[in-house]
Amino acid sequence: MSDLSQVVRLPVRRIELDLSFEGAARIAEDLRDHVPGIAAEAVRRIEQRLPEFVRPHDPRYAKAMVLGVECAIGHFLELMADPGAPSAEVVEFWRQIGVGEASEGRTLDAWQAATRIGTGLAVEQLTECAERLGHRTSPANIAAIANAALDYLNQVAAIVAEGHADAAARAAGARQEHRRRLLELLLGEASAQELRGPAREADWALPRTVAAVALREHGSEARHPALPPDVLLGLHLAEPCLIVPDPEGPGRARMLERHLHGWTAAIGPAVAPADAGTSLRLAREALGLACQGLITAASPVVAERHMPIIVMMRERVLIEKVIDRRLAPLLRARPAQRYRLAETLLTCLECGFNATEVSGHLHLHPQTVRYRLRQLEDLFGDALHSTSDRLELHMALRAWLALNAEPAAARDDLSYG
């Protein structure tokens, strides 16, 4: 529950009543003793029509309802008797009603419905009591009272709404701060025990697993993503990120694709909450490679699916040395041939040198694949089919292709080249 002492106070204002006819003050004075009975009847009608207001387990709530209705009717009669009557305490009372509704997480829809029911009954009961007490109230005066009651209700509703909005904004600000603190702890790899208290304060259920998402804006299309409330936002950081709970759950990947329009994103592996920092580190490595064009997958990039290039690019000097040694025959080929031969050789390694299968992967004619294989055999000789260091050759090809990516339009189609 929010600390009511922290709610920002608005300037004190008056509730005004535009009601003036002969005998109004005397009628108001005579009706004061009937306020408790009318209030009790109004509460009964509200509970009858709006079952959500019936709380037998909480007698304090029923008393608060009666008090609220008595306050409204009593103050209405005070202003009817004396338009200059003070209203500061009443204004504060209704502001605190709005604060209370916000602190309980409720909207004002039910409260507004209840006040309409209570106002209708109060006008009906007040005019009937006035007649029984011998006051002759003309239809015009009854209409004036009804209009004044509705105007009074509108002013009260505005005050309640201000209190509600103020408390809700305060609570949202506090919640945001708690969540930022929680995100910092997660990225700092705090232990599960250290996370429990801050997670409670942030109203965030600790999940079994989380994944970090590294973000980078691109162009003017980036906008604040409208993500589910359980996703922790780190958009305020110099390197923006998200923490997504239960990332492997149904619909989670699709949710990120749909809501990260205008951002380049990379998703780290699913880990225990205490290891969120590791997930973010891997996500940022994948994001950096994607922005360099070394990972060509669509955003969001899934870091796990690009493990070889992520690992190899950590030791760029070493991998370049291996490329120079293992791919030396390939690098002696004409520049126009190198990429397509490297692509063909990599696919052959992955398909067991089955020309038909390779042609399907590369969308080439099988004869084109066989022609390229003969070129590769001329370049590499017997080493082409050696199995002892095939892993090294495979890694060198993957790294070289990533570092020398060509636009698709520049590659061969169904040619024999």
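This report covers the domains, pockets, cavity and selected local features of a predicted model.

## Domains

The domain assignment splits the protein into three parts: domain 1 (24-172), domain 2 (209-219 + 227-307) and domain 3 (333-410). Domain 2 is written as two segments, 209-219 and 227-307. Between the C-alpha centres of domain 2 and domain 3 the distance is 32 Å.

Domain 2 and domain 3 also share a pocket. Both give residues to the lining of the second largest pocket, so that pocket lies between them.

## The largest pocket

The largest pocket has a volume of about 910 Å³. Its lining takes in 37 residues. Those nearest the centre are A64, G68, W94, I97 and W111. Four elements give two or more residues each to this lining: α3 (59-81), α4 (88-103), α5 (109-132) and α6 (139-187). The top contributor is α3, with ten residues.

What is the class make-up of the lining of the largest pocket? It has 24 nonpolar residues, seven polar and six charged.

## The second largest pocket

This pocket, the one between domain 2 and domain 3, has a volume of about 520 Å³. It is lined by 19 residues. T296, L346, R398, L401 and A402 lie nearest its centre.

Three helices each supply at least two lining residues: α10 (307-313), α13 (335-350) and α16 (390-403). Here α13 gives the most, with five residues. By class, the lining of the second largest pocket divides into ten nonpolar, four polar and five charged residues.

## The cavity

Pockets are open; cavities are searched for separately. Rolling a probe the size of a water molecule over the atoms shows where empty space is left. Across the whole structure, the search finds one cavity of 30 Å³ or more. The largest cavity holds about 50 Å³ of space.

Which residues line the largest cavity? They are I27, L31, F76, L77, M80, L126, T127, A130 and I145. At least two of the lining residues come from each of α1 (24-31), α3 and α5. The lining has eight nonpolar residues, one polar and no charged.

## Helix α1

The buried residues of α1 are A24, I27, A28 and L31. They cover an arc of only 100° around the axis, which puts them on the same side of α1. The background is simple helix geometry. An α-helix has 3.6 residues a turn, so residues three or four places apart point the same way.

What do the buried residues of α1 pack against? Their partners are α2 (35-49), α3 and α5. Two of these buried residues, I27 and L31, also belong to the lining of the largest cavity. The helices α3 and α5 recur as well: each supplies at least two residues of the cavity lining, and both give two or more residues to the lining of the largest pocket.

## Backbone features

A cis peptide bond joins S299 and P300, with omega at about 0°. P300 sits in the loop between α9 (276-292) and β5 (301-302).

Two residues other than glycine have a positive phi. One is F353, with phi near 60°. F353 is in the loop between α13 and α14 (355-362). Is F353 buried or exposed? Its relative accessibility is 17%, so F353 counts as buried; the cut-off for that class is under 20%.

The other is H363, again with phi near 60°. H363 lies in the loop between α14 and α15 (366-380). At 61% relative accessibility, H363 counts as exposed, the cut-off being over 50%. The helix α14 therefore has one of these residues in the loop on either side: F353 before α14 and H363 after α14.

## H236

H236 is placed in the loop between β2 (232-234) and β3 (241-245). H236 is partly exposed, with a relative accessible area of 35%. Along the chain, H236 and P269 are 33 residues apart. In space, their C-alpha atoms are separated by 22 Å.

Note on methods
Residues numbered from 1 in each chain as written. Predicted model: local features only at pLDDT ≥ 70, side-chain atom pairs only at ≥ 80, totals over all residues. Heavy atoms only, no water. Buried < 20%, exposed > 50% of the residue type's maximum accessible area, 1.4 Å probe, protein only. Domains from an automatic or database assignment. 1 Å grid on protein atoms, 1.4 Å probe; cavity = no way out; pocket = protein on both sides within 12 Å on 5 of 7 lines; lining within 4 Å. Points joined across faces, edges and corners; volume = space filled by probe spheres on them. Nonpolar A, V, L, I, M, F, W, Y, C, P; charged D, E, K, R; others polar. Arc of directions from axis to C-beta. Contact = heavy atoms within 4.5 Å.
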